[in-house]
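Let's take a relaxed walk through this structure. Have a look at the sequence and the model first, then read on.

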Amino acid sequence: MLIDVCVSLSNAFNPKLPSCLAKLGHDELVLVELQGTLDIECDEDTTRDGQFVGKLNLKDANKPTLIVGHHLLEGKVVTLPKPLGVMHRKESSKRHSYPGDGDHSSRLAEDTSNPGVSWGIVAVVKKKIVFSKRPMPIVNLGGSTQRGQV
Amino acid sequence: MSELDLRLSAATAQDTGSFRLLELPPELCQIIESASEKTAASLFIKGHPTEDAVLCTSEKTYTVRSVVLSNTVLVVTPSRSDPNGTVHIRDQLHEILELVPVVPKLHKLSILLRDMEYDEGDEDRQATMPKYSYEQARSEIQASEAEFIRGLKERRILVLEGQLRPIAPAHLCTILELLLNYLISLSLSHQAAAVEELVSVLSDEHEIPRAVSNQVISWFGDVKEGLWKMDPDAVIRELGVGILRHHRYNPISENEFFKKWKNVVGDTFESSVKLSLLSGDYLRNLSSIGEEATLTYFPSSALPVDPAARFVELFLTRQRWKHEEIEHFLLDIAVNSKERDKLLLKHARALTDTEGIWYTARVSYNN
C-alpha cells in the first residue's frame, strides 16, 4: 500500500491571509490552539457551513484576543518546538466523511482504495496562536446571539 | 484591519477530517522547504493496513505515530469571499502525527522470499515456484527507495525477470571463486576488470546466466563504463562466511578456518584476510587455557528483530558480552549509535573491569 504525499507549499489557498495574521509567519494558513473543544450547537451539518464563531483581534501582535459568545480569551503567539507540516486531503469526487476518530493507518489505507483522494503537504508552519487561559466573561457586547463554549 | 471574523468553513462536511498535522524533524523540514523551489520531494506513506504506517523520503524511513492532544488545534485559512475581514476554521484537530526515524523494515523480505531461492540448475522448478515481484516488494516493504535497493544488495537478492530471488549462499560462493580464478587466468586487474569478458566466460563455460553474474559483480564493487572495480573486502568476507556457514553447531578451530579461508581467496588476497571482516557473523570461543580459539557461525541476520527478544537470545548464547563484540549484533536494529546505546542501557547491565566494559543481562533468563 503506497500513498503518495505531494508537496505543494505555495498557492494552496487563495487569496492570502489578512496581513495581521500573515505576519505571524505563514501567509496562507495559521494554527490556533484552544484549551478544550469548540462546541457549536446546531442540528444539521449543512447549517454549520460558514457559521460565525467569534472575533479574532490582532491589534497587538503579542496579545491576540478571541471573543466567542460572551467570553473573552487572551492568547499569545508561540514558536513551535518543531515545525509542523500541514497535510490536506484533496478529493476530486464526493465522498462520505469519517465518523469519529479511527486508527490512523487503517484510515489512510481506506483512502487509497478511493482513487479520487490524495494527500499533500500544503504548508510548513512554525508558529501558532495559543489561547491557554481561562475565558473571561464579558458583558455589554449586545447583539450577538451566537453560542460557543470553550 | 486587525479584527477578523472567525467562521466555520464554507463546506464543513467536506473539510472535517481532511487535515493532519505532521511534526517535521529538521532534515525532513529542509527537504520539504527546498522541494517547493526546484524539484518535487518524493514522500510516501507505506504499509499494510495491519502494520504501523511509515513515511519514506527517498533516503530515510520514519514511523508515523499519532499523539493525542488535550487541546484543540484549529486550522485557519483565508476566506475566498471576504479575504480581508474573515478567516475560516477548516478543521479541528486533536492529534499530531509524530515522525521517528527507524530502521527500514526489510527483514520481512527474507520471510516472504523463503521458497524462492535461486540455485544452480533450478530452471525446472521455476514454473511452480511462488513469485514475488520487485515492483510488488517496492510498494509493500516499508523502506525508502535507497534503503530498499541497498537492502536487496546486502541480502544478496537477485532480480530475475522482475521477480525477486535470493541467491543460494553456496552458489554465490562458487560464482565468486570462479570470478577470482578468471581474474587471474584472464590476467585482468581487480581494479578495472572488463565485466563483459567475465560474464561471457561464466556463461560459456559454466552456464551461469548473464543476468546472474552481472548482478553478482555489481554487488561486490563498482561498475563504471563496463569496468569492474572489485571491493576485495566484500568478496573476502562473503567467502569467509561461506566457509563458516557450515560451522553453526560444530566449532572450527581458528587456525584451520584461516587456512581454508586463505586457500579459497587465493594468493592475491591472502594477506587481506582478517577476522574483523566477519564481525556480526561469528562467535569466537576461548576454551580452557592453552587450547586454541574456536569459531562458530552466528549471523546477526538470523536473530530476532524485536530488541527485547534479541537481547534474550544474545544473553542465552553468552552470559556476558564485551562491548566491541555485542555492538555488531545490534547494528541492524538501531538507527544510529545513540539508539544502540539506548538499547544497551535498557536491556543490559554494564560492568567495567580491567578488560573493558562487559554487558550482562538485566534479568536472568536461565533460572
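B:T63 is buried, because its relative accessible area is 14%, and the cut-off for buried is under 20%. This is a value from a predicted model, as are the others below. Where does B:T63 sit? You'll find B:T63 in strand β5 of chain B. Which residues does B:T63 touch, once its neighbours within four places in sequence are left aside? The contacts of B:T63 are B:A53, B:V54, B:E98, B:L99, B:V100, B:V102 and B:K105.

Now zoom out to chain B as a whole. Chain B has 367 residues, and 47% of them count as buried. Its secondary structure comes to 13 helices and 17 strands. Take the contacts in chain B between residues at least 6 apart in sequence: 60% of these join residues at least 24 apart.

One piece of chain B to pick out is an open sheet of 3 strands, with antiparallel pairing and the order β9-β11-β10. Its edge strands are β9 (193-194) and β10 (221-224) of chain B, and each of these pairs on one side only. Between β9(B) and β11 (residues 227-230) of chain B there are 2 bridges, and these two strands run antiparallel. If you'd like a pair to look up, B:A194 has B:L227 in β11(B) as its bridge partner. As a bit of background, strands of a sheet pair through backbone hydrogen bonds, either parallel or antiparallel.

Next, the place where the two chains meet. The size of an interface is often given as the accessible area lost when the parts come together. Here, chain B and chain A bury about 5700 Å² between them, with 61% of that on carbon and sulfur atoms. Chain B brings 60 residues to the contact and chain A brings 61 residues.

How many residue pairs are in polar contact between chain B and chain A? The count is 17 residue pairs, with both residues at pLDDT 80 or more. On the side of chain B that touches chain A, the elements giving two or more residues include β1 (3-8), α2 (26-35), β5 (61-78) and β6 (86-101) of chain B. The largest share there, 10 residues, comes from β5(B), the strand that also holds B:T63. By type, the residues on this side of chain B divide into 31 nonpolar, 18 polar and 11 charged.

There are also 3 salt bridges across the interface of chain B and chain A. In one salt bridge, the side chains of B:D5 and A:K55 meet at 2.3 Å, N to O.

Strands pair up across the chains too, and the table shows two such pairings.

| Strand of chain A | Partner in chain B | Bridges and direction | Residue pair |
|---|---|---|---|
| β4(A), residues 52-57 | β1(B) | 5 bridges, antiparallel | A:L56 and B:L4 |
| β2(A), residues 30-34 | β5(B) | 5 bridges, antiparallel | A:V32 and B:L74 |

Let's stay with β2(A) for a moment. Is this strand mostly covered or mostly uncovered? Strand β2 of chain A is mostly covered, with 5 of its 5 residues buried. In a regular strand the side chains alternate between the two faces of the sheet. In β2(A), A:V30, A:V32 and A:L34 point one way, while A:L31 and A:E33 point the other way, and all are buried.

Technical notes:
Residues are numbered from 1 along each chain as its sequence is written. Chains are lettered from A and ligands numbered from 1 in the order in which they are written. This is a predicted model: local features need pLDDT of at least 70, side-chain atom pairs count only at pLDDT 80 or more; totals for chains, interfaces and linings use all residues. Side-chain values use heavy atoms; hydrogens and water are left out. Contact means heavy atoms within 4.5 Å. Buried area is the accessible area (1.4 Å probe) that two parts lose on being put together, summed over both. A salt bridge is a side-chain nitrogen of Lys or Arg within 4 Å of a carboxyl oxygen of Asp or Glu. A polar contact is a pair of N or O atoms within 3.5 Å; within protein, one must be able to donate a hydrogen and the other to accept it, and residues adjacent in sequence count only if both atoms are side-chain atoms. Helices (H or I, at least four residues) and strands (E, at least two) are DSSP runs, numbered from the N terminus. Ala, Val, Leu, Ile, Met, Phe, Trp, Tyr, Cys and Pro count as nonpolar, Asp, Glu, Lys and Arg as charged, and the others, Gly among them, as polar. Two strands pair if DSSP finds at least two bridges between them. Buried means under 20% relative accessible area, exposed over 50%, partly exposed in between (1.4 Å probe, protein chains only).
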